[in-house]
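This report describes selected secondary-structure elements and the way they pair and pack. The sequence and the coordinates are shown first, and the discussion follows.

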Amino acid sequence: MKKIKFNELELSKEVLKGIEKMGYVSPSPIQEKAIPLLLDGKDIIGQAQTGTGKTLAFGSVLLSKIKKQGKQVQGLILSPTRELALQIHEELKRIGYYTNLSIVSVYGGSEIEKQIKQIKKGADIIVGTPGRVQDLMRRKVLKLEGIQYLVLDEADEMLNMGFIEDIENILEKTPETKQTFLFSATMPADIKKIASFYMQEDYQHVQVKSKSMTASTVSQYYFEASTQNKFEVLCRILDSRQMQNTIIFCRTKRSVDDIVALMQQRHYNVEAMHGDLSQNQRLQTLNRFKRGQIQYLVATDVAARGIDVENISHVINYELPHEDELYIHRIGRTGRADKKGTAYSIVTQREKNILMSIIKKTKSHIEKLDVPKNADIFQQKMNELLFDVQEEMLKNKSDAFLDIVKDIPHHMKNDVMATLLSMCYQQRIGYDYKDDFSNHQYDCVFMNCGTMDKVKKSDIIDFLIRYGKIKKSDIGEIDIKRKFTFVDIKNSVSQQVVKNCHKQKLKQRRVQLEFSYEK
């Protein structure tokens with residue numbers, strides 16, 4: 001089947017020239033499906049994953065259709081984060097390089113006065129976050145009565161971040177005659193609600209799904225770890241592999257801060273990226289990461305939406321996401337432009353079900369690996385050290401030390417060399433690896449009691465020790481919910497615990513125990 005080219009689409013000559021300058025010849029599937037409908041004036045919902053070319057799909061149409069009309073804003077693009085707004089702005093500037101249209105990005109954490117001045121000077125297209133757009137509307141600076149085109153980009157993420165009321169407030173101020181482009185990776189109920197209330201009745205739903213939802217250029221692996229050993233497993237991965245720019249994903253801002261603090265204590269070159277950082281901090285961190293001055297970036301999913309960095313060698317899921325789509329977004333940060341990438345996940349016993357769901361729904365092959373041993377770490381660090389020594393030797397800067405080497409007695413030279421290597425090695429490893437890793441395997445046990453029974457962790461521990469005849473060290477993580485509890489118990493004693501404790505009394509209630517994977 002003949003592949004369509006951009007110059008066969010009815011985009012403006014200026015936009016086609018801009019796309020050619022960017023090096024694109026043929027549209028991606030979402031672009032091929034969406035662009036003709038948008039040029040035809042249809043409202044659309046475009047459903048496709050991150051990295052499929054959605055910005056070019058709507059940007060090329062906006063820049064083709066909009067003609068200058070004084071200082072009236074004609075196009076509004078809403079984005080969930082400041083980073084993504086800036087990314088869209090830069091992409092539109094590239095697409096519209098040969099047009100005379102003015103594009104202004106507006107977002108919190110930056111001087112509003114400067115943004116007001118840019119809008120008053122004349123803005124054809126505004127790219128902004130919902131909060132800052134509403135600020136400008138309240139100040140009567142941004143008037144939406146003349147808006148002809150409205151784009152909601154990453155709509156599902158905006159809803160996840162609690163922007164539904166903001167979006168509805170903005171939509172209510174726009175004319176009914178406008179054309180609406182809504183792009184989203186998923187289709188939650190609130191997006192369907194927006195479509196039915198604010199889009200034309202004949203809107204089109206354009207969906208692009210690949211056979212395998214994850215990139216074939218990304219090799220995927222996972223390591224098993226207990227909650228207590230998770231950070232050590234992370235360090236063992238980092239110290240046993242050669243990595244360039246690497247993103248480590250956590251679910252919450254608190255987890256990001258905790259991991260960054262622990263890594264910095266161990267002298268890893270690492271910074272945090274999440275929504276509590278100021279705009280200036282985030283931009284500076286992102287620029288240093290792009291330049292290779294930061295090796296590891298620990299981020300939340302929301303903050304990572306705006307990270308557009310080539311040559312990310314590895315993605316590590318320190319905490320698995322609860323949604324399959326988020327896993328795809330995460331690992332899609334590596335393996336771009338047909339380059340090879342690697343994704344690692346560190347999985348606890350409780351996260352095993354999440355992993356199995358991701359494998360099934362994304363049709364991915366995720367291979368289990370053994371946690372790196374001390375010998376693996378030693379070999380990697382010595383390879384790095386000897387390579388660095390060789391690089392230094394080529395610079396011929398060691399002449400001043402040759403006389404010292406000559407003065408070392410011959411019978412001591414090997415000992416001195418070994419000691420120097422040992423000192424350098426200790427400086428290069430992040431964790432104090434005393435013994436080879438022993439990841440005690442835990443079984444997850446379900447108990448039908450929880451906070452409504454006024455049960456505390458200490459009660460659970462006492463109960464298991466008393467009736468299960470085990471030691472406190474046999475008990476791992478305890479997760480107490482309202483009506484039930486999950487407990488990690490070493491698999492060497494888990495069978496006897498379930499047998500001995502089943503239907504024994506805890507807080508005046510006879511408790512039932514069973515393995516959670518049998519539930």
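How many bridges join strand S2 to strand S5, and do they run parallel or antiparallel? In this predicted model, S2 is joined to S5 (residues 149-152) by four bridges, and the two strands run parallel.

**Strand S2 and its partners**

Strand S2 comprises residues 75-78. A parallel arrangement also holds between S2 and strand S4 (residues 125-128), again with four bridges. Leu76 takes part on both sides: Ile126 stands opposite Leu76 in S4, and Leu150 is the bridge partner of Leu76 in S5. In a regular strand, side chains alternate between the two faces of the sheet. In S2, Gly75 and Ile77 point one way, while Leu76 and Leu78 point the other way, and all are buried.

**Strand S9 and its partners**

Strand S9 (residues 245-249) is mostly covered, with five of its five residues buried. Asn245, Ile247 and Phe249 lie on one side, and Thr246 and Ile248 on the other; both faces of S9 are thus covered. Within the pairing of S9 with S12, Asn245 stands opposite Ile312. Within the pairing of S9 with S11, Phe249 has Ala299 as its bridge partner.

The strand pairings discussed in this report are listed below.

| Strand pair | Sense | Bridges |
|---|---|---|
| S2 and S4 (residues 125-128) | parallel | four |
| S2 and S5 (residues 149-152) | parallel | four |
| S9 and S12 (residues 312-317) | parallel | five |
| S9 and S11 (residues 296-299) | parallel | four |
| S15 (residues 442-447) and S20 | antiparallel | three |

**The open antiparallel sheet**

An open sheet is built from four strands in the order S16-S17-S15-S20, with antiparallel pairing. Strand S16 (475-480) and strand S20 (513-515) stand at the edges and have a single partner strand each, so one side of each lacks a neighbour in the sheet. From one strand to the next, the twist averages 25°. Between S15 and S20, Val445 has Phe515 in S20 as its bridge partner.

Two helices pack on this sheet. Helix H19 (residues 457-468) touches S15, S16, strand S17 (485-490) and S20, and the direction of H19 makes about 135° with that of S16. Helix H20 (residues 494-501) touches S15, S17 and S20, and its direction makes about 150° with that of S20.

**Helix H1**

In helix H1 (residues 13-22), the residues Val15, Leu16, Gly18 and Ile19 are buried. Why do they lie on the same side of H1? They cover an arc of only 160° around the axis, and therefore share one side of the helix. The buried residues of H1 pack against helix H3 (54-65) and helix H4 (82-95). Lys13, Glu20 and Lys21 are exposed, on the face of H1 turned away from its buried side. Just after H1, Gly23 adopts a positive phi of about 95°.

**Helices H8 and H9**

Two packed helices are described by the angle between their axes and by the distance between the axes. For helix H8 (residues 164-172) and helix H9 (residues 189-198), the angle is about 10° and the axes are 12 Å apart. H8 and H9 are therefore roughly parallel to each other. On the H8 side, the contact involves Ile164, Ile167, Glu168, Leu171 and Glu172, which meet Asp190, Lys193, Ile194 and Tyr198 in H9. By class, the contact of H8 with H9 has five nonpolar, four charged and no polar residues.

Key. Residues are numbered from 1 along each chain as its sequence is written. This is a predicted model: local features need pLDDT of at least 70, side-chain atom pairs count only at pLDDT 80 or more; totals for chains, interfaces and linings use all residues. Side-chain values use heavy atoms; hydrogens and water are left out. Buried means under 20% relative accessible area, exposed over 50%, partly exposed in between (1.4 Å probe, protein chains only). The arc is that of the directions from the helix axis to the C-beta atoms. Contact means heavy atoms within 4.5 Å. Two strands pair if DSSP finds at least two bridges between them. Axes are lines fitted to C-alpha atoms, for helices over the stretch in contact, and angles run from 0 to 180 degrees between N-to-C directions. Angles under 35 degrees count as roughly parallel, over 145 as roughly antiparallel, 65 to 115 as roughly perpendicular and the rest as oblique. Ala, Val, Leu, Ile, Met, Phe, Trp, Tyr, Cys and Pro count as nonpolar, Asp, Glu, Lys and Arg as charged, and the others, Gly among them, as polar.
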